[in-house]
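I opened this entry to look up two things. First comes the DNA contact, then the contact between the chains.

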There are 2 protein chains.
Amino acid sequence: MSAIKKTVSKPKAEHGTSLRTAFHEIRELIVHGRLSPGTWIVEGDLAARLGMSRTPVRGALHWLQREGYVLEHKNVSKSRMIVAPLTKEDANELYSIIGRIEGLAGRRTASLPDEKRSEIAQQLRNYNRQLEEIVKARPAKAHGIFDLDHNFHRSIIESGAGPRLMALHKAIEPQTERYWRLYASSIIHDLHRSIAEHEEIIEAISAGDADRVEKALQVNWENGAERLGHVIDVFGERGSW
Amino acid sequence: MSAIKKTVSKPKAEHGTSLRTAFHEIRELIVHGRLSPGTWIVEGDLAARLGMSRTPVRGALHWLQREGYVLEHKNVSKSRMIVAPLTKEDANELYSIIGRIEGLAGRRTASLPDEKRSEIAQQLRNYNRQLEEIVKARPAKAHGIFDLDHNFHRSIIESGAGPRLMALHKAIEPQTERYWRLYASSIIHDLHRSIAEHEEIIEAISAGDADRVEKALQVNWENGAERLGHVIDVFGERGSW
DNA sequence: GTATCCAATTTTGTAGACATTTTTAAATGC
DNA sequence: GCATTTAAAAATGTCTACAAAATTGGATAC
């Protein structure tokens with residue numbers, strides 16, 4: 001109980017931004033591969049790298065674990081964390097899960113009133129048309145594709161899914177970006193197929209046929225996994241690089 | 001008890017147990033309704049209640065959020081958390097999601113070699129038989145039912161799902177317990193229907209028909225949601241009690 | 001009586017310290 | 001040279017302190 005309680009200066013970012021920052025930064029590091037799949041994660045290192053204390057880093061890691069970017073070996077607590085590896089099997093599982101989730105959402109989208117449905121269909125057609133243009137314009141540049149495809153699917157979710165399904169999709173779907181970034185240039189080659197599958201989705205929505213929409217979405221993701229698997233076979237799994 | 005406790009006050013549980021404890025305790029509080037749906041959660045209160053600091057409580061809340069027991073208003077960080085409410089709509093969404101997830105796992109279970117499949121089928125039949133016995137023996141006591149049903153479904157998942165799907169199921173399925181506990185006594189009445197649906201699942205697995213297994217599991221959950229919805233209609237949503 | 005602004009309280013976010021466990025490396029014995 | 005034990009280092013789990021927000025309640029003006 002000294003008289004002088006020297007307040008060690010706290011640089012202080014802006015309060016309430018560190019966790020957010022940590023989450024996004026670390027996620028970025030993982031998605032862009034600067035943190036290789038399989039790497040051991042050390043809280044302290046990341047904290048130093050991001051210029052903050054371990055507290056928000058730890059929180060961010062929990063979040064990233066929740067989203068599947070980071071894995072632990074044991075269960076709750078005792079976290080010995082690693083960057084989630086990218087494997088063909090995981091891609092298969094990931095894609096089929098998303099297929100079901102979106103299928104479920106699409107089912108409800110298909111049950112909306114006609115007016116809403118045609119509105120959405122138009123929106124989707126718009127995205128798909130832009131994708132087509134990219135395909136036509138060779139050399140196709142990869143950058144916009146991911147976002148367009150992302151938007152296409154997000155539109156369906158947002159119109160059909162309830163809060164729980166939406167949250168689930170929001171947590172899982174972004175993980176495809178890691179695979180996308182790794183194999184993008186090779187995937188573009190098959191883009192026209194995905195576009196064709198999108199057409200079927202759009203038509204099914206227009207028709208208001210729930211079963212057909214669900215099936216079409218599942219197929220789109222299932223085929224996407226297949227296409228991706230093919231590329232992985234050729235280039236090998238990127239456990240680290 | 002010691003005479004000279006020069007320690008600077010570090011009660012110290014056992015190191016590495018607090019987070020686990022907090023997670024389970026809080027989850028228990030929520031599942032048993034001692035933390036009512038919709039209640040505002042205050043880290044400090046819980047910490048005091050559990051006799052630990054806010055740090056592990058905060059971590060546990062992140063986990064519980066991941067599992068869906070707790071909701072936030074904003075996104076990452078800025079957690080203003082509440083206990084997730086129990087509504088008919090949420091139950092519907094929850095159940096249909098689980099139906100898809102299990103369906104996906106069941107699909108792969110159905111693709112296992114004959115030997116494995118009949119092994120699993122036997123295990124499932126065993127669980128289902130125990131459920132039947134409970135139905136017959138009136139008054140049916142609620143306690144064992146949830147666990148049996150739980151085991152039934154878990155067997156399917158564990159035999160068919162990959163790590164990702166397994167983790168997802170493990171995170172989502174336990175949430176049904178909240179609805180179960182709320183409306184258990186009323187659900188028991190319809191138990192025989194669920195048992196019949198289980199038979200279909202078992203047969204489909206025995207036959208190795210992936211589509212049929214997937215469908216049967218979806219139907220089981222879909223119908224479960226319907227049965228639950230009926231009860232909720234009668235007794236009202238328990239936003240708090 | 002109502003609305004608005006300001007102060008006090010509560011609650012969350014972050015940092016840093018410390019304890020314990022795990023890992024790594026070295027040293028010793030055989 | 002290999003294995004085992006032991007000491008040092010690193011990493012994680014938890015606690016406490018403090019700062020920044022957010023909320024609440026009251027006082028004042030109209």
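I started at the backbone: a polar backbone atom of Ser53(A) is 2.8 Å from a phosphate oxygen of DNA strand C. I count a polar contact as a pair of N or O atoms within 3.5 Å; within protein, one must be able to donate a hydrogen and the other to accept it, and residues adjacent in sequence count only if both atoms are side-chain atoms. The model is predicted, so I kept its limits: local features need pLDDT of at least 70, side-chain atom pairs count only at pLDDT 80 or more, and totals for chains, interfaces and linings use all residues. Residues are numbered from 1 along each chain as its sequence is written, chains are lettered from A and ligands numbered from 1 in the order in which they are written, and side-chain values use heavy atoms, without hydrogens and water.

I found two further backbone entries. A backbone N or O atom of Leu19(A) lies 3.1 Å from a phosphate oxygen of strand C. For Ile41(B), a polar backbone atom is 3.1 Å from a phosphate oxygen of this strand.

I then checked the strand atoms within 4 Å of the protein: 64% belong to sugar or phosphate, the rest to bases.

Next I turned to the chains. Contact (heavy atoms within 4.5 Å) takes 33 residues from chain A and 32 residues from chain B. I noted 4 salt bridges across this interface, each a side-chain nitrogen of Lys or Arg within 4 Å of a carboxyl oxygen of Asp or Glu. Glu214(A) and Arg100(B) form a salt bridge at 2.1 Å, N to O.

Methods: Near = heavy atom within 4 Å.
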